[in-house]
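User: Please take a close look at one part of this structure and work outward from there. A plain account in connected prose is enough.

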Amino acid sequence: MKRIFKSTLSVFLVLVLSVSVVLQTSAAAQKCSCGQEPVIYVAALGSATLYQNAGTEDEKVVFRPETDTYVKMIAKLIVPLFSLIITRDYDAFADALIPAAMEVFGPLANNEDGTSTADITTKQELPADPTHGLDYSYYYGYDFRADPIETAKGLDEYIDAVCELTGHDKVRLRASSMGGVITMAYLEQYGTEKIKSVIFQCCPIKGTALAGDLYCGNLVIEEEAVYRYGIYDLPLLIQGEGADILVGIVEILYRSGILGKIIDAIDVLLENCGERIFDEMLIPVFKANCGIWSFVPDEYYETAKEFMLGSNPNNDLLSRIDYYHYNVQGKADEILNGVVESGVPVMILAAYNVQRTPIIPTWKNDSDETVDTKYASVGATVADLGETLSDGYEQKVKDGHNHMSADNRIDASTCALPENTWFVKDMLHCKTHAGHRAFYRWFFENDNNPEILNVHSNPDYPQFLLNDIAGERLMPLQ
């Protein structure tokens, strides 16, 4: 009797487990009929917090460092700075500056082959909330130091998780800044099978001169660049009366000559300490940072390798950075055109008329402060900041459409995707508002009809737009 009971019970349990598996499989396979593929926001540099010794009593944040970390570093430099003013002993100041800075930034250095040291990790998790729609974005963060190809692998896993969670076969991607690097690596590696549409917002698709110059050791601070940074950027960074006050202070410092004297002092400091700062701090921390290497434009790349890596570079590191540079950045036009030809709508949004970071020789490049307009747009012909294209300039590529900006600053006909690239005047790097969100929503709402998603189809969103920050809207540039 017991034997019969046990046998019956075993059969019953097998049936229960079988039915459970079938039900789970059916639930996982159930498709969502909402008609709105989920949106994944592929975030910018610094999207993931980096921890040292995570999960232990010694755990601490190494990126982005907490405020008290900076305060402690500055405190260590107060006495050496006053001593420098009196003694002009620049080596003694560097002896204090470099160890203090390395205590903060040193843990960010990768292994020589470009992989992360074992003690530095993130705490990123796969999504668990099935909520989705045009007003909801899943957030994909990552270690900005990692090889973009490896990070793209993580993005593919994240896409699979979102698809399974929401019951959709495809996702929409909205990439911001470095997120565009990761998205380009993803498209090169995995194609468009799981992608409904893509938006690139202020992305260094072809790099940024800031990384190119710094990776070649070109560090320059020009008075005019600093002044223009205050005039162009401060009103965008800090709006309202506070911005007006700061702009006024910059004007006073500039007109009185005080700003020039401050910059002269910094120049002397760089002349005496610059080589040590690069050799003992910047190169050790950043030379094996594959993520930042992806920002180096092609015209800087070989020189940057010589400067940062020397005559005997690590072969594994070289393989990693070369692969992205030559197969992703170097083939960006081909990749993007392939995406469009596959039927996947693409929006590239580049910003201009903002002074770039004023610490490099190419400070006149028009930009969004961080990424040069010509690189974010993948090939636009752009005048220097504050200037226009030459008198009588004519659009270089004749395709039957006008791609010249009304202010004669940009010729978009030379872009990789001239029909799918928009420009926003007076937009600070990735700083968005309700007007941008409405623009992106229009794009996603219509991504079943790629033929209308171009710079000519909607009079509200022509190729050249003006950023009305106070009104939180994007307006056609007149």
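Analyst: D135 is exposed: its relative accessible area is 70%, and the class begins over 50%. The model is a predicted one, and every value here is computed from it. D135 takes part in a salt bridge with R441, where the closest N and O atoms are 2.7 Å apart. R441 belongs to helix α15 (residues 434-445), while D135 sits in the loop between β4 and β5, so this pair ties together parts that are 306 residues apart in sequence. R441, the partner, is partly exposed, with a relative accessible area of 31%.

The helix that carries R441 has 12 residues, which should span 16 Å at 1.5 Å a residue; the end C-alpha atoms of α15 are 16 Å apart, in agreement with that. The buried residues of α15 are G435, H436, F439, Y440, W442, F443 and F444. R441 is not one of them, because its 31% is not under the 20% that defines buried.

The loop between β4 and β5 (137-140) also holds K123, which reaches across to E59 in the loop between β2 and β3, 64 residues apart. In this salt bridge between K123 and E59 the closest N and O atoms are 3.0 Å apart. K123 counts as partly exposed at 42% relative accessibility. E59 is partly exposed too, with a relative accessible area of 31%.

The strands named here lead to a sheet. It is open and has three strands, in the order β3-β2-β4, with antiparallel pairing. β3 (60-63) and β4 (120-121) are at the edges with a single partner strand each, so one side of each has no neighbour in the sheet. Strand β2 (residues 50-52) runs antiparallel to β3 and is joined to it by three bridges. In that pairing, L50 stands opposite F63 in β3.

How many salt bridges are there by the rule used here? The count comes to 24. Another of them links D333 to K206, with the closest N and O atoms 4.0 Å apart. D333 is in helix α13 (residues 332-341) and K206 is in the loop between β7 (195-201) and α6 (209-214), so the pair ties together parts that are 127 residues apart in sequence. D333 is partly exposed, at a relative accessible area of 34%, and K206 is also partly exposed, at 22%.

Salt bridges also form a network, which links D91, D95, R276 and E280. Helices α3 (90-105) and α9 (258-286) are the ones against which the buried residues of α2 pack. Those buried residues are M73, L77, P80 and L84. An α-helix has 3.6 residues a turn, so residues three or four places apart point the same way.

Helix α2 (residues 67-87) has 21 residues and reaches 30 Å from its first C-alpha to its last, close to the 30 Å expected at 1.5 Å a residue. It nevertheless bends by about 35° at I78, with a proline, P80, following within four residues. P80 is itself one of the buried residues of α2. The residue that follows α2 is R88, with a positive phi near 60°.

Conventions: Residues are numbered from 1 along each chain as its sequence is written. This is a predicted model: local features need pLDDT of at least 70, side-chain atom pairs count only at pLDDT 80 or more; totals for chains, interfaces and linings use all residues. Side-chain values use heavy atoms; hydrogens and water are left out. Helices (H or I, at least four residues) and strands (E, at least two) are DSSP runs, numbered from the N terminus. The expected span of a helix is 1.5 Å times one less than its number of residues. The bend at a residue is the angle between axes fitted to the seven residues ending there and the seven starting there. Buried means under 20% relative accessible area, exposed over 50%, partly exposed in between (1.4 Å probe, protein chains only). Contact means heavy atoms within 4.5 Å. Two strands pair if DSSP finds at least two bridges between them. A salt bridge is a side-chain nitrogen of Lys or Arg within 4 Å of a carboxyl oxygen of Asp or Glu.
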